[in-house]
Amino acid sequence: MTARAKMTTAVSTGVVAAFLLVGSGQAALAKGGDVGGSGDQYFLSDSFSSTANVNFNYGSHGDKAYVGDWDGDGVDTVAVRRGNTFLVRNSNSSGQPDHVFSYGRSDDDVLVGDWDGDG
């Protein structure tokens, strides 16, 4: 094996090893935790007031709630998760979900964010 081939093999092995060490088994690091609470009634306020200006029911008592701008209109709305099924509503009001889909396993941790930076 030539010196160049040995160097290429060593560099390739080092890159793969670094990738495996960095990319395997690391948990996502995020501040904040679950908001908590239970039920299917939401009280939202558009100010730092103790009075809610939006009040609605959505989902079922055992659902987990997530908040995000699901349709890119600049307004955060509530989505709920039931097992591995997500029920997304694009308005903060009672009614049927706008989108329903299943993803992952029911015990997966869910992180909400604008991962591709498109708003």
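These legends go with a set of close-up views of one predicted protein model.

**Figure 1. The whole chain, with its helix and strands laid out.**
The protein has 1 helix and 6 strands, where helices (H or I, at least four residues) and strands (E, at least two) are DSSP runs numbered from the N terminus. Going along the sequence, the pattern reads α-β-β-β-β-β-β. Of the 119 residues, 13% count as buried (buried is under 20% relative accessible area, exposed is over 50%, and partly exposed is in between, with a 1.4 Å probe and protein chains only). Take contacts (heavy atoms within 4.5 Å) between residues at least 6 apart in sequence: 22% of them join residues at least 24 apart. Two notes on bookkeeping apply to every view. Residues are numbered from 1 along each chain as its sequence is written, and side-chain values use heavy atoms, with hydrogens and water left out. Since this is a predicted model, local features need pLDDT of at least 70 and side-chain atom pairs count only at pLDDT 80 or more, while totals for chains, interfaces and linings use all residues.

**Figure 2. Confidence along the chain, with helix H1 in view.**
Here pLDDT is the predictor's confidence in each residue, from 0 to 100. The mean for the protein is 78, and 68% of its residues reach 70 or more. Which elements mark the lowest and highest mean pLDDT? Helix H1 (residues 3-23) sits at the bottom with 44, and strand S6 at the top with 97. Over residues 5-24 the pLDDT stays under 50, and the model has 4 contacts beyond four places in sequence for that stretch.

**Figure 3. The open sheet S3-S4-S5-S6.**
In this view 4 strands line up in the order S3-S4-S5-S6, with antiparallel pairing (two strands pair if DSSP finds at least two bridges between them). Strand S3 (64-68) and strand S6 (99-102) are the edges, each pairing on one side only. On average, neighbouring strands of the sheet are turned by 25° against each other, direction ignored; the axes behind that value are lines fitted to C-alpha atoms, for helices over the stretch in contact, and angles run from 0 to 180 degrees between N-to-C directions. Zoom in on S3 and strand S4 (residues 77-82), and you find 5 bridges joining this antiparallel pair. One residue to pick out is Tyr66, whose bridge partner in S4 is Ala79.

**Figure 4. The aromatic cluster of Tyr66, Phe86 and Phe101.**
A pair of aromatic rings is described by the distance of the centres and the angle of the planes. A search of the whole structure turns up 3 aromatic pairs (rings of Phe, Tyr and Trp, its six-membered ring, pair if their centres lie within 6.5 Å; planes under 30 degrees apart are stacked, over 60 edge-to-face, and the rest tilted). Tyr66 and Phe86 have ring centres 6.4 Å apart and planes at 45°, so this pair is tilted. It links distant parts of the chain, with Tyr66 in strand S3 and Phe86 in strand S5 (residues 85-88), 20 residues apart. Both rings belong to buried residues: Tyr66 has 15% relative accessibility and Phe86 has 11%. How are the rings of Phe86 and Phe101 arranged, stacked or tilted? Their centres are 5.2 Å apart and their planes at 10°, so the pair is stacked. Phe86 in S5 and Phe101 in S6 are 15 residues apart, and Phe101 is partly exposed at 39%. Together, Tyr66, Phe86 and Phe101 form one aromatic cluster.

**Figure 5. The salt bridge between Asp63 and Arg82.**
The count comes to 3 salt bridges, each a side-chain nitrogen of Lys or Arg within 4 Å of a carboxyl oxygen of Asp or Glu. In this one, the side chains of Asp63 and Arg82 meet at 2.8 Å, N to O. Asp63 lies in the loop between strand S2 (54-57) and S3 while Arg82 is in strand S4, so the pair ties together parts that are 19 residues apart in sequence. Asp63 is buried at 12% relative accessibility, whereas Arg82 is partly exposed at 39%.

**Figure 6. The salt-bridge network around Arg105.**
Arg105 meets Asp107 in a salt bridge at 3.5 Å, N to O, and Asp108 in another at 3.1 Å, N to O. Sharing partners this way joins Arg105, Asp107 and Asp108 into one network. Arg105 is exposed at 57% relative accessibility, Asp107 is exposed too, and Asp108 is partly exposed at 27%.
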